[in-house]
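The exercises below take the ligand site as their starting point and then turn to the chain as a whole. Work through each task with the structure open before reading its solution.

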Amino acid sequence: MTLDVSQLSPREIYGFLAGAVAPRPICFAATVDAQGRVNLSPYSFFNVVSGDPPMLAFAPLLSGRDGSAKDTLNNVREVPEVVINIVNHAIVEQMSLTSTAYPPGVNEFEKAALTQVPSDLVKPPRVGEAPVAFECIVEQVLALGDGPMAGNLILARVVRIHVHDVHATAAGELDPSQLDLVGRMGGNDYIRAIPAALFEIPKPVRGLGIGIDGLPAHIRNSTILTGNNLGRLGNVERLPTEEEIAAFQQRPDIKTALRGGREARHRLAQTYLERGETETALLLLLPR
Ligand SMILES: Cc1cc2nc3c(=O)[nH]c(=O)nc-3n(C[C@H](O)[C@H](O)[C@H](O)COP(=O)(O)O)c2cc1C
């Protein structure tokens with residue numbers, strides 16, 4: 001299906017945007033108003049947008065009902081500082097509770113029984129339970145429209161980072177298997193980055209992969225290999241030489257495999273690919 005945006009309502013468009021641009025990380029934003037009253041709310045229109053300067057961006061929309069501004073937006077206009085807390089599974093329900101439209105001045109830390117820890121460099125406090133928290137200075141607020149559901153892009157420069165010890169490796173880096181992060185899908189759905197859901201894609205940092213178009217046609221057109229399998233093969237920097245192929249074919253286990261016919265060879269190569277043994281897979285696939 002192909003959709004003409006001019007024929008859809010803003011709500012319908014929103015459904016495709018929020019459903020497809022997913023999973024989204026969650027910015028749990030703590031701000032204060034001019035009177036110093038604390039606010040805490042989640043925003044999943046959120047990402048990192050610059051490494052140096054270190055910048056995060058998130059976007060409170062104007063209310064879909066009446067076009068009014070959210071407290072977070074009003075606050076950063078009054079006091080251009082924010083603490084962006086990262087949400088993991090242990091606090092996901094408390095985070096959801098804070099998205100209730102409480103009146104201005106209500107402290108959602110208290111509503112959700114989260115620990116308010118004073119920040120080092122900015123006025124808003126951080127969430128003590130969050131695995132990682134970024135103290136930020138708001139550099140820009142960009143209004144992307146003025147009607148209901150219009151986004152307001154907040155660009156926040158990170159000035160201090162807090163990481164709970166349990167989530168860092170011995171080398172002091174973040175440990176993805178410990179973080180237990182959650183993301184927002186469309187509607188009421190969330191996703192949890194448990195260790196079983198994590199996978200690695202080996203990527204050469206030096207040199208250039210030959211690309212799928214650099215593979216012989218009989219491999220590219222395989223009825224067994226998937227796009228993912230071909231993507232991994234396209235990462236090799238060169239095809240093996242005739243000598244390397246000949247030496248490989250002398251291995252007793254490989255001699256047997258080569259007798260099995262093309263389909264069996266492609267299936268075996270697929271197993272090697274999934275184990276990360278890309279070179280062996282390629283050597284198996286190269287004979288026509
Ligand atoms: C996980 C999650 C993500 C959300 N993301 C956004 C968002 O990106 N933009 C937005 O305007 N509202 C978003 N909301 C809704 C706001 O959190 C909600 O409107 C909240 O009441 C705003 O609080 P405030 O008025 O105190 O700033 C989200 C809610 C949840 C639970």
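**Exercise 1. Find the polar contacts of the ligand, beginning with Ser-44.**

Solution. A polar contact is taken here as a pair of N or O atoms within 3.5 Å. Begin at Ser-44, where a polar backbone atom is 2.8 Å from a nitrogen atom of the ligand. Move on to Phe-45, whose backbone N or O atom lies 2.8 Å from an oxygen atom of the ligand. Then take Ser-41, which uses an N or O atom of its side chain and is 2.9 Å from an oxygen atom of the ligand. As for cover, the ligand taken alone exposes 640 Å², of which the protein buries 88% (accessible areas by the Shrake-Rupley method with a 1.4 Å probe).

Before going further, note that this is a predicted model, in which local features need pLDDT of at least 70 and side-chain atom pairs count only at pLDDT 80 or more, whereas totals for chains, interfaces and linings use all residues. Residues are numbered from 1 along each chain as its sequence is written, and side-chain values use heavy atoms, with hydrogens and water left out.

**Exercise 2. Describe the shell around the ligand: how many residues surround the ligand, and which elements supply them?**

Solution. Count the residues with a heavy atom within 4 Å of the ligand: there are 20, and the closest are Pro-42, Tyr-43, Leu-61, Thr-72 and Ser-99. Sort them next by character, which gives 10 nonpolar, six polar and four charged residues (Ala, Val, Leu, Ile, Met, Phe, Trp, Tyr, Cys and Pro count as nonpolar, Asp, Glu, Lys and Arg as charged, and the others, Gly among them, as polar). Finally, assign them to elements, which are DSSP runs, with helices (H or I) of at least four residues and strands (E) of at least two. Strand 2 (38-43) and helix 2 (71-78) each supply at least two residues of the shell, and strand 2 gives the most, with four.

**Exercise 3. Locate the cis peptide bonds at Pro-23 and Pro-53 and the positive phi of Ala-113.**

Solution. Start with Pro-23, in the loop between helix 1 (10-20) and strand 1 (27-32), where a cis peptide bond with omega of about -5° joins Ala-22 to this proline. Continue to the loop between strand 3 (46-50) and strand 4 (55-58), which holds Pro-53; the cis bond from Asp-52 to Pro-53 has omega of about 5°. End at Ala-113, between helix 4 (108-111) and strand 6 (116-117), where phi is positive, about 50°, although the residue is not a glycine.

Terms used
A polar contact is a pair of N or O atoms within 3.5 Å; within protein, one must be able to donate a hydrogen and the other to accept it, and residues adjacent in sequence count only if both atoms are side-chain atoms.
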